Amino acid sequence: MSQKQILLNAFNMNCVGHIHHGMWTHPQDRSVDFNSLDYWLDLARLLERGLFDGLFIADILGVYDVYQQGIGLTAKESIQLPVNDPLMLISGMASVTQHLGFGVTANLSYEAPYPFARRLSTLDHLTNGRIGWNIVTGYLDSAARAMGQHQLLAHDRRYDQADEFLDVTYKLWEASWQDDALVQDKANRLYADASKIKQINHQGEFYQVQGYHLSSPSPQRTPLLFQAGSSTRGVQFAGRHAECSFVNAASPAAMREQSTRLRQAAVAAGRHPDDLRIFMGVSVIVAPTEREAQEKQRSYLDYASPEAGIAHFSSSIGLDLAAFELDEPIQTGDTRAIESVSKAFSGWTRRRLLEQHAMGSRYPLIVGNPSQVADALIKWIDEGDIDGFNLTRILNPQSYRDFIDLVVPELQQRGRFKTAYQPGSLRQKIFQQQDRLPDRHPAARWRDGVNLR
């Protein structure tokens, strides 16, 4: 039986403070340069040198204003504020790379499917099929208020809306243009054949869309679909739509339970268990020796902000953790924020959360020499039944450079990481299959173009 090769994304955000809060103050961290295009071009080149499959770019609308009922600490520590549009980065980074994929987060709760479908098709054209979309529905009341709403839709209703949003975009991406609609015949002055461009007429609960897709078919048509969410409704949504799912767990055994739920959900939706690639978020501190890695970790702790970490966490669960005494059990209850996170941490204390967020983040942290890090990653893959990792930045770009120089060769030596890129689109690289969604994906039902209502 061949051993599974590890898939690898860099996990980043178009801001200063992303996951490991406080680390922007470290003298070797470059994240304060995030407004510079060169910063992103350098990162893209570095990741392609390291054979990363993609750059997964998180995003948020709204601000973290739950902790202490304001943005005081959010502004002081730059907790994802300011934050710029991730889609604007892609063309530049694509121009200096040939293979690196881009998984870009966009919140469909505040997008209109018709122009959004065009933006993603445009990026798929410009990247030659290297674009993915991380589908999110948002969890911040501050975003809802900024968009003129009283509050967020209830958790499961956001997924109902997301299901319909995807149906609209599938119709636009998969069915509006036939593959041979684009003729480009100069001699006969025929650029496109109108008889092969169909209008969709969607009349649903959330969206009413009548029109032709504005972009001709891109290499993937539908971008590679990422999704993050492990609530009951989120898993159902992933089973129907996602090709790559981003989840977290406290142990490989717990991760295997999550993976099993996700793959069973895909089967329930008429798909195959291996139609899903499952990624977990992980942080790595690596050095040539274990002692050096531990010393590096101790030095990092001087710059990290545990309080900023739980301020971020407060908005994730929709509860002001500053209102609790250090050792008072936190009862999270019902929430419109991230339901699965809220349930997982109910009963914890603020002291315990501060200890967990010592590095400014609650993500699993692996510290060691290259062999130890590789051992830990492989254990997560094999025992957790996952396919890859979203590697966070502790220092940017140093965390990625250390991983590329020290861990990647170790994984390659063990046959667990590629030694060269395969040709083709992002979907083809991740799944070793065609550029476009397989016929068993729910989007495929619109391809015949017979019923676009």
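Q: Let's start with a loop in this predicted model: between which two elements does leucine 51 lie?
A: Leucine 51 belongs to a loop rather than to a helix or strand. On one side of this loop is helix H1, and on the other is a strand covering residues 54-58. The two elements are therefore H1 and strand E2.

Q: Is leucine 51 buried or exposed?
A: Begin with the backbone: phi of leucine 51 is near 60°, a positive value in a residue other than glycine. Most residues other than glycine have a negative phi. Now for the side of things that the question asks about: the relative accessibility of leucine 51 is 11%. Buried means under 20%, so leucine 51 counts as buried.

Q: Asparagine 128 also has a positive phi; is asparagine 128 buried or exposed?
A: Asparagine 128 has a phi of about 60° although it is not a glycine. You can find asparagine 128 in the loop between helix H4 (113-126) and strand E4 (131-136). Its relative accessible area is 59%, and because the cut-off is over 50%, asparagine 128 is exposed.

Q: Which residue does leucine 81 join through a cis peptide bond?
A: Most peptide bonds are trans. The bond that follows leucine 81 is cis, with omega at about 0°. The partner sits in the loop between helix H2 (72-76) and helix H3 (90-95). That partner is proline 82.

Q: What is omega for the peptide bond from asparagine 396 to proline 397?
A: Proline 397 is found in the loop between strand E13 (388-391) and H14. The bond that leads into proline 397 from asparagine 396 is cis. Its omega is near 5°.

Q: How many of the residues of H6 are buried?
A: Helix H6 has 21 residues and reaches 30 Å from its first C-alpha to its last, close to the 30 Å expected at 1.5 Å a residue. H6 is largely enclosed by the rest of the structure, because its count of buried residues is 18 of the 21.

Q: With which side chain does the side chain of glutamate 174 make a polar contact?
A: Glutamate 174 is found in helix H6. At 4% relative accessibility, glutamate 174 counts as buried. Leaving aside its neighbours within four places in sequence, it is in contact with residues including Gln220, Leu437 and Arg447. The polar contact, at 2.7 Å, is with the side chain of threonine 222.

Q: Which residue forms a salt bridge with arginine 45?
A: Arginine 45 and its partner both lie in helix H1 (residues 37-49), 3 residues apart, about one turn of the helix. Arginine 45 is partly exposed at 42%, and the partner is partly exposed at 36%. The closest N and O atoms of the pair are 3.2 Å apart, and the partner is aspartate 42.

Q: How many residues apart in sequence are the parts that lysine 296 and aspartate 402 tie together?
A: The side chains of lysine 296 and aspartate 402 meet in a salt bridge, 3.0 Å from N to O. Lysine 296 lies in helix H9 and aspartate 402 in helix H14, so the pair ties together parts whose separation in sequence is 106 residues.

Q: Is aspartate 439, the salt-bridge partner of arginine 447, buried or exposed?
A: The closest N and O atoms of arginine 447 and aspartate 439 are 3.0 Å apart. Arginine 447 counts as partly exposed, at 27%. Aspartate 439 has a relative accessible area of 65%; the cut-off is over 50%, so aspartate 439 is exposed.

Q: How many salt bridges does the structure hold?
A: Some salt bridges share partners, and these join residues including Arg157, Asp160 and Glu205 into one network. For the structure, the number of salt bridges is 32.

Q: What is the radius of gyration of the protein?
A: The secondary structure comes to 15 helices and 13 strands. For 453 residues the globule rule gives 22 Å, and the protein's own value is close to that, so the protein is as compact as a globular protein of that length. Its radius of gyration is 22 Å.

Q: What percentage of the residues of the protein count as buried?
A: The C-alpha atoms fill a box of roughly 70 × 55 × 45 Å, taken along the principal axes. The protein exposes about 18700 Å², and carbon and sulfur atoms supply 48% of it. Of the 453 residues, the part that counts as buried is 57%.

Conventions: Residues are numbered from 1 along each chain as its sequence is written. This is a predicted model: local features need pLDDT of at least 70, side-chain atom pairs count only at pLDDT 80 or more; totals for chains, interfaces and linings use all residues. Side-chain values use heavy atoms; hydrogens and water are left out. Helices (H or I, at least four residues) and strands (E, at least two) are DSSP runs, numbered from the N terminus. Buried means under 20% relative accessible area, exposed over 50%, partly exposed in between (1.4 Å probe, protein chains only). A polar contact is a pair of N or O atoms within 3.5 Å; within protein, one must be able to donate a hydrogen and the other to accept it, and residues adjacent in sequence count only if both atoms are side-chain atoms. Contact means heavy atoms within 4.5 Å. A salt bridge is a side-chain nitrogen of Lys or Arg within 4 Å of a carboxyl oxygen of Asp or Glu. The radius of gyration is taken over C-alpha atoms; the globule rule is 2.2 Å times the number of residues to the power 0.38. Accessible areas come from the Shrake-Rupley method with a 1.4 Å probe; for residues, only the protein chains shown count as cover. The expected span of a helix is 1.5 Å times one less than its number of residues.
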